[in-house]
Amino acid sequence: SSKEDTSSSSSSSSSSSSAAAAADPPRPPPPLLGQLNRLLLLRRWMDLLFEQSSRLPEDACIVLLTALYRLSLSSLQDLKAGALDLGWTHSGSLGELLFGVERTVRIARGNLMRLEGLWGTISVHLSHVSSHARSVMRQHGMLYFSELMNEAFNFACSAGGEQGGEEERRKDGKGKDEGSSASLKKKLIGAYEDMFKCSYSDTKSLVLSSLHQLLSSYGMNIQSAWPSILHFLPLVAQDPESQQVRQGATCLAYVCDHLLLSLSLPDVEQLLQCLLLFASQDVDAESSLRAIAMTRDVGRYLMGKLCRQELEGKEEERRRAEVTRSVLSSFAKLVQLGRDKRSRVREEAISTAVEMSLGPEDKCAHVMISFLGSLLLPYLQETSGWMETVEQEKKNLHRQWLRTWSAGMRGAAKVLSERMAGAGKGGKEEEEEGWG
């Protein structure tokens with residue numbers, strides 16, 4: 001029995017030692033904890049990918065931006081109608097929906113040196129979010145867009161080192177901002193037009209607010225990108241909503257008040273045509289009157305440039321002829337506005353055309369005479385016939401047309417008196433040449 005007790009004790013001690021040995025190796029972590037660790041590590045790697053995207057080749061960066069755009073397409077496409085507008089704005093849920101666009105903007109900020117090559121993919125992504133069916137998404141998309149535009153344009157201006165005004169780039173319209181900086185500016189400005197083509201009024205309003213902010217901050221450094229802005233603003237003049245037309249007129253007012261001297265001569269001509277489009281729109285009468293007033297100021301400035309410009313070779317003479325045609329075209333459009341159904345617009349248009357025609361020097365006499373003989377006098381004959389037609393039908397309408405006709409007559413008398421005074425100073429030969 002003692003032997004049996006000894007054998008049983010030895011067997012129990014050996015079994016306990018084997019159990020202790022089996023307990024020595026570490027146990028594997030639970031499956032869920034292991035997955036979480038791997039996800040955290042993956043998240044860190046992804047963050048490094050976005051933070052150090054400038055180290056990626058440009059084609060790899062475009063692939064990454066395209067993947068983010070597709071992610072936004074997928075997440076926003078499944079968004080239920082009205083979900084966010086009805087109050088579902090939890091920060092976590094909204095952050096998930098905006099993950100793609102937020103990382104896209106982060107990549108753009110880290111790659112300003114090569115933003116021009118990436119801008120196509122970035123702008124399409126921002127445009128998609130800014131034109132989403134849900135207003136909250138549109139607002140956030142435009143917020144990202146405005147912030148990035150401000151930062152990118154600031155970089156483009158500092159990189160281009162632009163200074164100076166119209167005199168420095170009068171010959172070629174470009175000056176110091178040639179190259180990648182000028183090209184980047186044009187692409188950035190072009191994004192405004194793409195954004196504005198959406199069908200949502202709030203996005204359009206935010207686009208114009210962003211443009212006004214850009215003009216206020218970097219207007220003196222826009223330079224070669226002015227044609228892009230002046231190509232976009234006529235689109236605003238054709239908008240069917242008065243709010244957008246007023247905002248567009250406000251942008252033009254800032255240009256006329258603060259930036260006119262920084263424009264090249266071709267840009268001033270394009271600005272004048274843009275103002276006439278705003279004057280002709282029939283959505284908002286106040287914007288039309290405002291545009292006519294700006295047309296008078298810009299037209300007088302352009303006439304002054306035309307009168308002071310000396311003929312120096314064939315190229316300069318050709319340029320002078322182009323400006324003359326542009327001015328006469330503006331007169332024609334103002335006289336056309338003299339037929340507008342709004343009486344105040346008619347009167348202001350005719351008065352503005354007359355004031356513009358009175359050049360500060362005798363060098364503009366040919367413009368004055370062309371305006372008087374080809375545009376103003378035929379218009380007065382035409383309106384005189386209209387007044388006889390409406391006199392018996394509507395007395396109020398007759399009085400309105402009479403005021404317009406009177407304004408035109410006073411203008412014609414003023415043009416004649418100015419011309420006669422100039423002819424008196426120049427002698428008989430100049431008088432015969434001018435009237436001939």
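How far should the twelve residues of α5 span at 1.5 Å a residue, and how far apart are its end C-alpha atoms? The expected span is 16 Å and the end C-alpha atoms are 17 Å apart, so the two values agree. Keep that little check in mind as you explore these close-ups of a predicted model.

**Figure 1. The whole chain is built with helices and no strands.** Before zooming in, take in the overall picture: the chain has 17 helices and zero strands. Of its 436 residues, 45% count as buried. Now look at contacts between residues at least 6 apart in sequence: 74% of them join residues at least 24 apart.

**Figure 2. Thr104 sits buried in helix α5.** Helix α5 covers residues 99–110, and Thr104 is found there. With a relative accessibility of 1%, Thr104 counts as buried because the cut-off for that word is under 20%. Thr104 shares this status with other residues of α5, and the buried set is Gly100, Val101, Arg103, Thr104, Val105, Ile107 and Ala108. Look for the side chain of His125, which makes a polar contact with the side chain of Thr104 at 3.1 Å. Setting aside neighbours within four places in sequence, Thr104 is in contact with Leu65, Leu68, Ile122 and His125.

**Figure 3. Ala67 of helix α3 and Gly100 of helix α5 are separated by 8.5 Å between C-alpha atoms.** You will find Ala67 in helix α3, which runs over residues 58–77. Along the chain, Ala67 and Gly100 are 33 residues apart. Is Ala67 buried or partly exposed? Its relative accessibility is 43%, so Ala67 counts as partly exposed. Gly100, by comparison, is among the buried residues of α5.

**Figure 4. Met142 in helix α7 is in contact with residues of other parts of the chain.** Helix α7 spans residues 135–160 and holds Met142. Met142 has a relative accessible area of 1%, so it is buried. Ser130 is twelve residues away in sequence, and its C-alpha atom is 5.6 Å from that of Met142. Besides Ser130, Met142 is in contact with Met195, Thr203, Leu206 and Val207, once neighbours within four places in sequence are left aside.

**Figure 5. Helix α9 matches its expected span.** Helix α9 has 18 residues, numbered 201–218. At 1.5 Å a residue they should span 26 Å, and the end C-alpha atoms are indeed 26 Å apart, which agrees. The buried residues here include Thr203 and Val207, both of which are contacts of Met142. Also on the buried list of α9 are Lys204, Ser205, Leu208, Ser210, Leu211, Leu214, Leu215 and Tyr218.

**Figure 6. Gln223 has a positive phi in the loop between α9 and α10.** Gln223 is not a glycine, yet its phi is positive, at about 45°. Is Gln223 buried or exposed? At 3% relative accessibility, Gln223 counts as buried.

**Figure 7. Helices α10 and α11 pack against each other at an angle of about 145°.** Helix α10 (residues 226–237) and helix α11 (residues 242–259) have axes 9 Å apart, and their crossing is left-handed. On the α10 side, look for Trp226, Leu233, Val236 and Ala237. They meet Gln244, Val245, Gly248, Leu252, Val255 and Leu259 in α11. Sorted by type, the residues of this contact are eight nonpolar, two polar and no charged.

**Figure 8. Pro240 is exposed in the loop between α10 and α11.** The relative accessibility of Pro240 is 66%, so this residue counts as exposed. From Pro240, look across to Asp284: the two are 44 residues apart along the chain, while their C-alpha atoms are separated by 9.5 Å.

**Figure 9. Helix α12 is largely enclosed by the rest of the structure.** Why is α12 described as largely enclosed? Twelve of its 16 residues are buried, so the rest of the structure largely encloses this helix. The buried residues include the leucines Leu265, Leu271, Leu272, Leu275 and Leu276. Asp267 and Glu269 are buried in α12 too, along with Val268, Gln273, Cys274, Phe278 and Ala279. To finish with the same kind of check we began with, the residues of α12 (265–280) should span 22 Å at 1.5 Å a residue, and the end C-alpha atoms are 23 Å apart, which agrees.

How values were computed
Residues numbered from 1 in each chain as written. Predicted model: local features only at pLDDT ≥ 70, side-chain atom pairs only at ≥ 80, totals over all residues. Heavy atoms only, no water. Axes fitted to C-alpha atoms, helices over the stretch in contact; angles between N-to-C directions. Helix = DSSP H or I, 4+ residues; strand = E, 2+ residues; numbered from the N terminus. Left-handed = near helix turned anticlockwise from the far one by under 90°. Contact = heavy atoms within 4.5 Å. Nonpolar A, V, L, I, M, F, W, Y, C, P; charged D, E, K, R; others polar. Buried < 20%, exposed > 50% of the residue type's maximum accessible area, 1.4 Å probe, protein only. Polar contact = N/O pair within 3.5 Å; in protein donor to acceptor, adjacent residues only side chain to side chain. Expected span 1.5 Å × (residues − 1).
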